Amino acid sequence: MTRHFLFLLGSSRANGNTELLARKAAEQLPADVTRRWIDLAEHPLPDFEDLRHDSDHVRPSGDHTATLLDATLAATDLVIASPLYWYSVSASTKRYLDHWSGWLRTPGIEFKKTMAGRTLWGVTALAHEEEEVAEPLVGTLNHSAAYLGMRFGGVLLGNGSKPGDVLNDSAALAAAKTFFAQEPPLARFPYEVPSLATP
Ligand SMILES: Cc1cc2nc3c(=O)[nH]c(=O)nc-3n(C[C@H](O)[C@H](O)[C@H](O)COP(=O)(O)O)c2cc1C
């Protein structure tokens, strides 16, 4: 089956470290994989309006929300490329994730069923040297994938403050070479014990 990678760029600046690192990882994808890059700054989403207990959401059309929904539904592999902002995803990335809540309740999309089994990946750049400070971002993506029944490929982390710094992070560049080559497992919430294989 042909894989379709959607890269969602969540930085508040162009050509930043997160995008550079994501592009390094994407270079390694096999030729038959399609790639689409969408910069969330160029497709600003409206604030999410919570209608869950009021009325059904209506499928968007002709706007940025529609573009992002259609691109998401078409992706077998969704790559959230967000810098680490206050230890989590950027605001534009978070707003995109909030819209999932509406899409889950939009008739005719079957968002959860469609996304189940597909893969969520993360790429992030952070200024902090100690990578464990990115745990809230990793948890956000892992748990969101688990909620949708998706696979989770983990988060490719790179260090840097000013644009281009990540190109000096040799460990990140090495990790980028094989990042998308993994076969990611289904995402699990921390309280879920992987079921034991029956003999
Ligand atoms: C609003 C904002 C919040 C940030 N928060 C963090 C943070 O919590 N931890 C961290 O290590 N770096 C933080 N940084 C630094 C960025 O993660 C770092 O500069 C990164 O390289 C930016 O990625 P980009 O070049 O793709 O935009 C923050 C930067 C900004 C602008």
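Two strands are said to pair here if DSSP finds at least two bridges between them, and that criterion is the one to keep in mind while moving through this predicted model.

Begin by selecting strand 1, residues 4-9, together with strand 3; the two run parallel and are joined by five bridges. Within this pair, display Phe 7 and look across to strand 3, where Val 79 stands opposite Phe 7.

Keep Val 79 selected and turn to the other neighbour, strand 4, which pairs with strand 3 in the parallel sense, again over five bridges. On this side the residue of strand 4 that stands opposite Val 79 is Trp 121.

Next, isolate strand 3 itself, residues 77-81, and ask how many of its five residues are buried. Five of the five are, so strand 3 is largely enclosed by the rest of the structure. In a regular strand the side chains alternate between the two faces of the sheet. Colouring by face, you will find Asp 77, Val 79 and Ala 81 on one side of strand 3, with Leu 78 and Ile 80 on the other, and both faces are covered, since each of these residues is buried.

Finally, select the ligand and the 19 residues around it, of which Ser 11, Gly 16, Thr 18, Pro 83 and His 128 come nearest. The elements that contribute two or more residues to this shell are helix 1 (17-26) and strand 4 (119-126), and helix 1 supplies the largest share, three residues. Colouring the shell by residue class shows 10 nonpolar, seven polar and two charged residues around the ligand.

Notes:
Residues numbered from 1 in each chain as written. Predicted model: local features only at pLDDT ≥ 70, side-chain atom pairs only at ≥ 80, totals over all residues. Near = placed C-beta within 6 Å. Helix = DSSP H or I, 4+ residues; strand = E, 2+ residues; numbered from the N terminus. Nonpolar A, V, L, I, M, F, W, Y, C, P; charged D, E, K, R; others polar. Buried ≥ 20, exposed ≤ 12 C-beta atoms within 10 Å, placed from the backbone.
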